[in-house]
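User: Please take a close look at one small part of this model for a first-year student, and then connect that part with the rest of the chain.

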Amino acid sequence: MNYIVISPYYPQNFQQFTIELANQGINVLGIGQEPYDQLDQPLKDALTEYFRVENLENLDEVKRAVAFLFYKHGPIDRIESHNEYWLEQDAQLREQFNVFGAKPKDLKKTKFKSEMKKLFKKAGVPVVPGQVVKTLSGVDLAVNKLGLPLIAKPDNGVGAAATFKLETKDDVELFKSEWDQETVYFFEKFVQSGEICTFDGLVDKDGQIVFSTTFDYAHTPLDLMIYKMDNSYYVLKDMDPKLRAYGEAIVKTFGMKERFFHIEFFRDGDDYVAIEYNNRPAGGFTIDVYNYAHSIDLYKGYASIVAGEPFPATHMEPQFCLATSRRASTNYAYAEADLLEKYRDNFKVKKDMPAAFAELQGDYLYMLTTPSRDQMEQMIEDFAKKPD
């Protein structure tokens, strides 16, 4: 099997995908823009060949790289990055070279919030009313139809980027003045809930879920963006059966194959409202958080299903796994060394956040496990506490 990894070097924790694919005996070929000498040695060892391009965003250049690897190694069986930034390019390459996996037409339902909402409804999952906005007059129509407060997001966008909260007429006028009128927006009713949770996991080549989990955000992505809060999220030990039922219905309706998924919901009392379907793993180091919570190795698990082998089971009881961040510029009540000593039996790893995530999420990320929700909540409080 020939498997092309797009951007094998970045993000660094995703290098483990390449390593585990190679451990399965898969011929792994890399295309990236970093010089070969910059690659970490375990990554070099796992790659059969690395083709360096000047600009990974130049689709024609990347196509030429794929064509060369095809000529040298034979037909390509997979092309994947697992990275939101490259999803569209991955799909275009698969279509060009007739490779298994999501093609451009398949991404429409995961790129546009308006299209996601149609499929959420088809799956029988609650959503809030929304409307596509393309013109200034459309802004007024949406406000009149839906009523304030509203959330305005790019219809084709990622996370909380370029998001506006519209609570008053002044907010609406500010949006109009700042909007470039080229980006199509999606307006939807603001949900009065500060609780966001997820249904995340992995499907095999037949679209069957082989792993699923859920985590809660301590703060919404919108609050992180607006107030520069310290990011904290945590994998739960157990999943609400209603959330699982919604998540499984959505995965079936979207019909993706051999992919990770990351679906966000608002928790609304004892019910859930679907927000967004992401055709990839959750960002940053979240796969590592899943691994610690479930005593599993999803890098190895993904490689197993690509190789046509069963997904490896875990026999360990899940725990809460907290990922909590700190900012280098912030003064905290407790020194890092004191906290790591206090939670020495729980602490797993500290990660330096990549620059792309640091401004929004913090500079350092700490992962800790515990069987106790009370202890986990104390951890969140301790790591975030500021001096009195």
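Analyst: Glu 195 lies in the loop that joins strand 8 (185-189) to strand 9 (196-203), where strands are DSSP runs of E with at least two residues, helices are runs of H or I with at least four, and both are numbered from the N terminus. This is a predicted model, in which local features need pLDDT of at least 70 and side-chain atom pairs count only at pLDDT 80 or more, while totals for chains, interfaces and linings use all residues. Residues are numbered from 1 along each chain as its sequence is written, and side-chain values use heavy atoms, with hydrogens and water left out.

With a relative accessible area of 42%, Glu 195 counts as partly exposed, because that class falls between buried (under 20%) and exposed (over 50%), using a 1.4 Å probe and protein chains only. Leaving aside residues up to four places away in sequence, Glu 195 touches Phe 265, Phe 266 and Arg 267, a contact being heavy atoms within 4.5 Å. Lys 113, by comparison, is 82 residues from Glu 195 in sequence, and their C-alpha atoms are 20 Å apart.

Turning to the interior, the largest nonpolar core has 46 residues, and Leu 21, Ile 287, Tyr 290, Leu 298 and Tyr 302 touch the most other members; such a core is a set of buried Ala, Val, Leu, Ile, Met, Phe, Trp, Tyr and Cys residues joined through side-chain atoms within 4.5 Å. Helix 12 (residues 298-306) contributes the most to this core, with 6 residues. Both domain 1 (1-100) and domain 3 (194-382) supply at least three residues to this core, the bounds coming from an automatic or database domain assignment. Beyond residues up to four places away in sequence, Tyr 302 touches several residues, among them Tyr 3, Phe 17, Leu 202 and Phe 311. A second, separate core of 21 residues includes Leu 119, Ala 123, Val 203 and Val 251.

There is also an open sheet of 4 strands, paired in parallel and ordered 3-2-1-4, where pairing requires that DSSP finds at least two bridges between two strands. Strand 3 (49-52) and strand 4 (78-80) are at the edges with a single partner strand each, so one side of each has no neighbour in the sheet. Strand 1 (residues 2-6) pairs with strand 4 in the parallel sense over 3 bridges, and Ile 4 stands opposite Ile 79 in strand 4.

Taken as a whole, the protein chain has 15 helices and 17 strands, and buried residues make up 52% of its 388 residues.
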